[in-house]
Amino acid sequence: MKEYKMYIGGRWEDAASGEVITTLNPSTGEPVCRAPSAGPADADRAVRAARATFPAWSGLPQAERNKALFRIAALIREHAHEMALLEGLEHGTPYRDAFGVCMGAAEKFEWSANAASGLMGEQIPVPGERLSYVKREPVGVVGFIIPWNLPTIMTAVKLAPALAVGNTCVLKPPSINSAIGLHFAEVLSKAEGLPPGAVNVITGSGAGVGAALAAHPGVDMIGFTGSSETGKSILASAAPTVKKCVMELGGNNPVLVFADADIDAALKVLAWRQFNNSGQHCSGPGRYYVHEAVYDEFVEKFVLYAKTVKVGDPEDEATTMGPLVSREHQSKVAGYIESALKEGARLAFGGEVSEKGFFIAPTVLADCRHDMQAARDEIFGPVAVIIKYKEGDDIVSLANDSRYGLCAHVWTRDISRGLKLVDRLHVGAVFVNCQMLSNEQPWGTSVKESGIGKEGGLYGMAEFTDQKLVCVHYGE
Ligand code: NAD
């Protein structure tokens, strides 16, 4: 079992307390690694290191920062095989997907390096002999707290744009994926041109080191992805020092399937999304409202798709779906299946829950209702919750009837209807007959309990800058 250390100020460090956490392989339940269990003193060391490096890193010409980011990208590509194996071992991602994720992580650094110069200031018209403009500056030290779903890409999505525009960072990976976070740090530490302290990675529990990071007065901004409940607690920790917070939180994304939808095309996207990464995708489908005219076909074809999913060992090239990330999450998802069946849902496929490892079979629940627990909450697993609706039912109100507002999926051949729904759905993103496509697209929302601010694209990169107003009187 590998013993990891944390990456603070360019050095490999144990927790001040000497305490460690052990992570598990979700396919077997066996231990993977031991990592430091950091506490407030370690968060403090990491924040001090990031702050000490901030003047040098933010003061570099953009081109120099870009070179370091391109080197990180090259190192990720070089180490992608071992990174993908580790993502399978500690997170359960099938190798092929995990390798693709690593390539995506490298792209985030390349994209951010290319895009950073595109974030311009702006001249403001003012009367008289005065010049006024808005200058963008890095926010400072950014504390990142990330969730366990897709830990490698999540690390890249956070670090790349923040570094590109001159911030220094302290990142806390999810404790159950500590090896993935610390191995990322090992790869990144080899990048020439990235000064020690520009990126610090500390591991430990959310309540221990996560809360300490969120509350630390030396942190200027928090970038968080995780559940809405934890998000609220982080906002409370960050409030006394009024930190900027970008929060990517929970969702229960409605899918509206109309009678004229291309069902095969829809399922190619939706069913794939439902089972890829064992359904642990924030942007994935949460509950399906399917028109009665195509309902039977939709359920039948969903089941056919589910039957093609190869559940198994992530290292096996044939595997398309691995386990869920933890026993705790497996029990939570299983509980939703159980409650839906008790409330009258029909098990069209799947439902098996493994004892060895944390697997749940691809599951299709038909004949669900909007008021069932499984349709109200975020399941975050390989479980499709399908609801039939009749012509004339107000499914837009049902879609909007949620404490979340992350995104919605619409499938119809009538583009005019699709665009009208874009106006009526109270969510941060609407996908009409497709899904998210590129690095340029911003993600995240400030709708209801699904978050605050944007991530990705130029909108997301802009969050890592402060806009300083300048006004100069140059007349007599
Ligand atoms: P989580 O909220 O349990 O944990 C997220 C991170 O917060 C972890 O690193 C954890 O250690 C830390 N944490 C926990 N308590 C803390 C505290 N009191 N103070 C500071 N940090 C604390 O989330 P999770 O279960 O790891 O991830 C799944 C959730 O993430 C789902 O709700 C999902 O929707 C959400 N998510 C959202 C997006 C998005 O873009 N909106 C993307 C991915 C995941």
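# The ligand, the domains and some chosen residues

Helix 7 (206–215), strand 11 (221–225) and helix 8 (228–238) each supply at least two residues of the shell around the ligand. The model is predicted.

Student: Which element gives the most to the shell around the ligand?
Tutor: Start with the elements that supply at least two residues each, among them strand 11 and helix 8. The top giver contributes 4 residues. That element is helix 7.

Student: How many residues of the shell around the ligand are nonpolar?
Tutor: Begin with the total: 29 residues stand around the ligand. Of these, 3 are charged and 10 are polar. The nonpolar ones number 16.

Student: Which residues come nearest to the ligand?
Tutor: Look within the 29 residues around the ligand. Five names stand out there. They are Ile 146, Ser 227, Thr 230, Leu 249 and Glu 378.

Student: Leu 249 has a backbone N or O atom beside a nitrogen atom of the ligand; what distance lies between them?
Tutor: Leu 249 is among the residues that come nearest to the ligand. Here its backbone faces the ligand's nitrogen, and a polar contact needs N or O atoms within 3.5 Å. The distance for Leu 249 is 2.7 Å.

Student: Which residue has a polar side-chain atom 2.9 Å from an oxygen atom of the ligand?
Tutor: Two tryptophans place a polar side-chain atom by a ligand oxygen. For Trp 443 the distance is 2.8 Å. The 2.9 Å distance belongs to Trp 148.

Student: What share of the ligand's accessible area does the protein cover?
Tutor: Take the ligand on its own. It then has 850 Å² of accessible area. The share covered by the protein is 87%.

Student: Why does the ligand lie between two domains, and which are they?
Tutor: Check who supplies the shell. Both domains give residues to it, so the ligand lies between them. They are domain 1 (2–249 + 450–470) and domain 2 (253–432).

Student: What separates the centres of domain 1 and domain 2?
Tutor: The domains come from the domain assignment of the protein chain. Their centres are taken over C-alpha atoms. The separation is 31 Å. The contact itself takes 26 residues from domain 1 and, from domain 2, 28 residues.

Student: Is His 91 buried or exposed?
Tutor: His 91 sits in helix 3 (residues 80–91). Buried means under 20% relative accessible area. At 0%, His 91 counts as buried.

Student: Which residue has its backbone oxygen 2.7 Å from a polar side-chain atom of His 91?
Tutor: Set one partner aside: Thr 93 joins His 91 side chain to side chain, at 2.8 Å. The backbone partner also touches His 91, as do Pro 26 and Asn 277, among others. The backbone oxygen belongs to Trp 148.

Student: What distance separates the C-alpha atoms of Phe 144 and Phe 224?
Tutor: Phe 144 is found in strand 8 (residues 141–145). Phe 144 is buried, with a relative accessible area of 0%. Along the chain, Phe 144 and Phe 224 are 80 residues apart. Their C-alpha atoms are separated by 5.8 Å.

Student: Which residues does Gly 460 touch, not counting those up to four places away in sequence?
Tutor: Gly 460 lies in helix 15 (residues 457–462). Its relative accessibility is 1%, so Gly 460 counts as buried. Leu 256 has its C-alpha atom 28 Å from that of Gly 460. The residues touched are Lys 454 and Glu 455.

Methods: Residues are numbered from 1 along each chain as its sequence is written. This is a predicted model: local features need pLDDT of at least 70, side-chain atom pairs count only at pLDDT 80 or more; totals for chains, interfaces and linings use all residues. Side-chain values use heavy atoms; hydrogens and water are left out. A residue is near a molecule or strand if one of its heavy atoms lies within 4 Å of it. A polar contact is a pair of N or O atoms within 3.5 Å; within protein, one must be able to donate a hydrogen and the other to accept it, and residues adjacent in sequence count only if both atoms are side-chain atoms. Accessible areas come from the Shrake-Rupley method with a 1.4 Å probe; for residues, only the protein chains shown count as cover. Ala, Val, Leu, Ile, Met, Phe, Trp, Tyr, Cys and Pro count as nonpolar, Asp, Glu, Lys and Arg as charged, and the others, Gly among them, as polar. Domain bounds come from an automatic or database domain assignment. Buried means under 20% relative accessible area, exposed over 50%, partly exposed in between (1.4 Å probe, protein chains only). Contact means heavy atoms within 4.5 Å.
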